[in-house]
Structure formats: structure tokens, C-alpha cells
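Here is a walk through one protein model, from its overall outline down to a few single residues. Have the structure open as you read.

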Amino acid sequence: MTSLSTPTQSSSLQIGDYLCMNGDRPCKIVNKTTSKTGKHGGAKIHFTCIDIFTDKKYEHLLMSTQNADVPTVTKNDYQLLSIDGNDVSYLDDKGNDMSDLVMPNLCEKDIELDQNLRNAFENGDENGDEIYIQVISAMNITAIKGFRVIK
């Protein structure tokens with residue numbers, strides 16, 4: 001798991017950073033509270049996180065000196081070529097035609113994103129617009145999590 005995440009001291013994590021929850025769920029920190037140092041130990045940090053793929057909420061309590069796994073998260077924009085059922089074709093960074101993605105379906109927001117992307121693609125074909133999909137990868141999971149239209 002060393003290439004998928006990096007151990008980082010929990011006290012250095014901030015809101016907006018990423019944190020692995022349950023060992024393998026990449027989450028974004030949305031809230032952080034720190035308790036005062038107690039008589040018998042160090043401060044504790046309470047993290048509230050949202051899974052970046054499923055939007056599920058997690059809470060985690062760590063000692064301030066304890067290490068936490070921080071996932072390696074990459075975000076890329078790729079030009080959308082076609083949608084065939086649930087299969088998505090796009091151009092990668094090197095200009096290769098790729099078809100290893102499927103339409104988003106990991107949470108409720110993905111259902112809305114799926115419909116909006118399909119509509120934009122159909123309208124874009126008619127208007128000659130280019131559509132770029134935002135692809136997020138972390139912990140061996142890759143998913144479409146957004147898009148933008150270039151007129």
C-alpha cells in the first residue's frame with residue numbers, strides 16, 4: 001500500500017486534505033477538532049471526512065502524534081469522445097483513444113452527473129462543443145466525478 005498512500009502525522013492534516021478511512025477508503029477532511037492535552041496523554045484529533053467516491057460520511061479519532069495514511073489522489077481532465085451505453089471513450093494525455101471508464105454510478109450525486117453528462121454530450125454533438133470529463137483516481141479506484149463544456 002506504500003504507493004497508494006503515505007503515512008503522515010495526523011496533527012499536520014488540515015480541512016481539505018485527504019485521509020484513508022477504514023484502511024482503504026479515500027476521504028476528504030471536512031471538519032477537524034482537537035481536544036486539549038489531557039493529564040495522561042496527548043491531544044486527540046477528531047476528523048469528519050467524506051468519501052470522495054461514494055459521498056459516505058466517516059468519523060475518526062486519532063492521537064495528535066499518531067500517523068495516518070494519506071491516499072495519493074490524482075485528478076485529470078480528458079476530452080470525451082463517446083458514450084456507448086455505460087462505456088466512456090476519451091483521449092488520454094498522450095492523445096490515445098481510451099475506453100476503460102464507465103459512467104458514474106457510485107452514489108446519488110453520480111446518478112445526476114450521469115444524466116447531465118449524457119445531456120451535455122448529446123447537445124455538444126449538435127453544437128460542436130467539446131466536453132472534458134474530470135477523472136479522479138485513488139486507492140485503485142478511478143471514476144468520473146465531473147465535467148465541463150468548452151464552446
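What follows goes from the overall build to the sheet, the cores and some individual positions.

## Overall build

Keep in mind that this is a predicted model. The protein has 1 helix and 11 strands, and along the sequence they run in the pattern β-β-β-β-β-β-β-β-β-α-β-β. In other words, nine β symbols are not interrupted until the α comes up, and two more β close the pattern.

The outline is worth a look too. Taken along the principal axes, the C-alpha atoms fill a box of roughly 70 × 30 × 25 Å. The radius of gyration is 19 Å, whereas a compact globule of 151 residues would come out near 15 Å.

## Surface and contacts

Of the 151 residues, 36% are buried. The protein exposes about 8,900 Å², and carbon and sulfur atoms supply 46% of that area.

How much of the contact network joins residues at least 24 apart in sequence? Counting contacts between residues at least 6 apart, the share is 49%.

## The four-stranded sheet

Now pick out the open sheet with the strand order S2-S3-S4-S5, which is paired in the antiparallel sense. Strand S2 (18–21) and S5 sit at the edges, each pairing on one side only. Going from one strand to the next, the twist averages 45°.

Strand S4 (residues 44–51) and strand S5 (residues 57–63) make an antiparallel pair with 7 bridges. Two partnerships are easy to find on screen: Ile45 stands opposite Leu62 in S5, and Thr48 has Glu59 of S5 as its bridge partner.

## Lys44 in strand S4

Lys44 belongs to strand S4. Is Lys44 buried or partly exposed? Its relative accessible area is 39%, so Lys44 counts as partly exposed.

Neighbours within four places in sequence aside, Lys44 touches Thr33, Thr34, Ser35, Leu61, Leu62 and Met63. Thr34 is 10 residues away from Lys44 in sequence, but their C-alpha atoms are 5.8 Å apart in space.

## Two residues with positive phi

Most residues other than glycine have a negative phi, which makes the next two worth checking. Asn22 is not a glycine, yet has a positive phi of about 55°. Asn22 is in the loop between S2 and strand S3 (25–34), and with a relative accessible area of 62% Asn22 is exposed.

The other one is Asp55, also not a glycine, with a positive phi near 65°. You'll find Asp55 in the loop between S4 and S5, a hairpin with 5 residues between the strands. Because its relative accessibility is 29%, Asp55 counts as partly exposed.

## The nonpolar cores

In soluble globular proteins, nonpolar side chains tend to be buried together. Here the largest nonpolar core has 14 residues, and those with the most contacts inside it are Leu80, Val88, Leu101, Leu117, Ile133 and Ile144. The elements giving two or more residues to this core are strand S7 (74–84), strand S8 (87–91), helix H1 (108–127) and strand S10 (130–138). Apart from this core lies another, of 12 residues, including Leu19, Met21, Cys49 and Leu62. Leu62 is also the residue that stands opposite Ile45.

What does Leu117 contact beyond its neighbours within four places in sequence? The list is Leu80, Ile83, Met103, Ile131, Ile133, Ile144 and Phe147. Among these, Leu80, Ile133 and Ile144 also appear with Leu117 in the group having the most contacts inside the core.

## Ser89 in strand S8

Finish with a polar residue. Ser89 lies in strand S8, one of the elements that give two or more residues to the 14-residue core. Its relative accessibility is 16%, and the cut-off for buried is under 20%, so Ser89 counts as buried.

With neighbours within four places in sequence left out, Ser89 is in contact with Gln79, Leu80, Leu81, Ser82, Asp97, Met98 and Ser99. Leu80 in that list is also a contact of Leu117.

Key
Residues numbered from 1 in each chain as written. Predicted model: local features only at pLDDT ≥ 70, side-chain atom pairs only at ≥ 80, totals over all residues. Heavy atoms only, no water. Core = buried A, V, L, I, M, F, W, Y, C linked by side-chain atoms within 4.5 Å. Buried < 20%, exposed > 50% of the residue type's maximum accessible area, 1.4 Å probe, protein only. Contact = heavy atoms within 4.5 Å. Pairing = 2+ DSSP bridges. Rg over C-alpha atoms; globule rule 2.2 N^0.38 Å. Areas by Shrake-Rupley, 256 points an atom, 1.4 Å probe, with all protein chains shown as cover. Axes fitted to C-alpha atoms, helices over the stretch in contact; angles between N-to-C directions.
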